[in-house]
Amino acid sequence: MAKGEDTKNRILEMAQSLVMEKGFSATSLDDILKAAGVTKGAFFHHFQSKADLAQKLVERFAASDFAMFEEWDRRAEALSEDPYQALVLFLKFFEEWLDNLAKPFSGCLFAIYVYESTLFEPDVNEFVKQSFEKWQKYYEKKFDAIFAVRRPRNDVTAKELAETIVSSLEGAFILARSHGDPELIARQSRLFRGYLKLLFDDEPGVASS
């Protein structure tokens, strides 16, 4: 059983690496088999088809993403009861993770799936849509908590701020991949933290680290 799981995870890992590098349409089943070092029989033991692999791949990617979110969230809330400071800490943990990313930067699987959406079954595209919505709702909840204790200096809603950070960071993932510059994402996160400081910080004259 453990060996079977190892094989399945190796196929998923190699497939993700190839899809991130070349896109889903340009990644053939033979490419995946060669990279994972498995036979077609082994592949079809774990996946019904390449379409099935596509769904399992994005589900795995989303689960990993949100597990990191939950861990950073837990650490941030353990360090501060102030929802604004907790969000700042969360973003700093995100930036630390970005600083340790492997180079060259591989990008975001969600973005690849959106650009190649016509290749996937409706259920896969719906899953990607729901993942973005979950990401946005996560931030919206955080901003709602901040609004409960701090008034923003500009007329802005929690939903608008959530849309801003998700679109800014997802756009940064795309630009970072295009430019081969993973530090671009962390820069955008720091820039957004600076914007939050202007909106919410009680001491706007003090520079954030």
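What follows is a walk through the fold of this protein, from its overall layout down to a few single residues. The model is a predicted one, and that is worth keeping in mind throughout.

Starting with the big picture, the protein has nine helices and zero strands. Reading along the sequence therefore gives a plain run of helices, α-α-α-α-α-α-α-α-α. Taken along the principal axes, the box filled by the C-alpha atoms is roughly 60 × 35 × 30 Å. The chain has 209 residues, and 43% of them count as buried. As for how the chain folds back on itself, take the contacts between residues at least 6 apart in sequence: 67% of these join residues at least 24 apart.

Next comes the inside of the protein. Its largest nonpolar core holds 66 residues, and the members that touch the most others are F90, Y113, Y139, F143 and L196. Many parts of the chain chip in: helix 1 (2-22), helix 2 (29-36), helix 4 (50-79), helix 5 (83-99), helix 6 (109-115), helix 7 (122-147), helix 8 (158-179) and helix 9 (183-200) each give at least two residues to this core. Helix 4 supplies the largest share, with ten residues. L196 shows what such a core member meets: once its neighbours within four places in sequence are set aside, L196 is in contact with Y84, L87, L91, F143 and D201. One of these partners, F143, is itself on the list of core residues that touch the most other members.

Helix 4 also pairs up with helix 7. Two packed helices are described by the angle between their axes and the distance between the axes. Here the axes come within 10 Å and cross at roughly 10°. An angle under 35 degrees counts as roughly parallel, so helix 4 and helix 7 are roughly parallel to each other. On the helix 4 side, the contact is made by Q55, V58, E59, A62, F66, F69, D73 and E77. Helix 7 answers with V124, F127, V128, S131, K134, W135, Y138, Y139 and K142. Sorted by class, this contact has ten nonpolar, two polar and five charged residues. Y139, one of the helix 7 residues in the contact, is also among the core residues that touch the most other members.

Helix 2 gives a neat view of how one helix can have two sides. L29, I32, L33 and A36 are its buried residues. Seen down the helix axis, these buried residues fall within an arc of 100°, so they line one face of helix 2. An α-helix has 3.6 residues a turn, so residues three or four places apart point the same way. On the other side of helix 2, D30 and K34 are exposed. Just after the helix, G37 takes a positive phi of about 70°.

I32, in helix 2, deserves a closer look. Its relative accessible area is 1%, so I32 is buried. Leaving aside neighbours within four places in sequence, I32 is in contact with I11, A15, L18, T27 and L53. L18 lies 14 residues away from I32 along the chain, with 7.4 Å between their C-alpha atoms.

S168, in helix 8, makes a useful contrast. With a relative accessible area of 24%, S168 is partly exposed. S168 and I185 are 17 residues apart in sequence, and their C-alpha atoms are 8.9 Å apart in space.

Terms used:
Residues numbered from 1 in each chain as written. Predicted model: local features only at pLDDT ≥ 70, side-chain atom pairs only at ≥ 80, totals over all residues. Heavy atoms only, no water. Core = buried A, V, L, I, M, F, W, Y, C linked by side-chain atoms within 4.5 Å. Buried < 20%, exposed > 50% of the residue type's maximum accessible area, 1.4 Å probe, protein only. Helix = DSSP H or I, 4+ residues; strand = E, 2+ residues; numbered from the N terminus. Contact = heavy atoms within 4.5 Å. Axes fitted to C-alpha atoms, helices over the stretch in contact; angles between N-to-C directions. Parallel < 35°, antiparallel > 145°, perpendicular 65-115°, else oblique. Nonpolar A, V, L, I, M, F, W, Y, C, P; charged D, E, K, R; others polar. Arc of directions from axis to C-beta.
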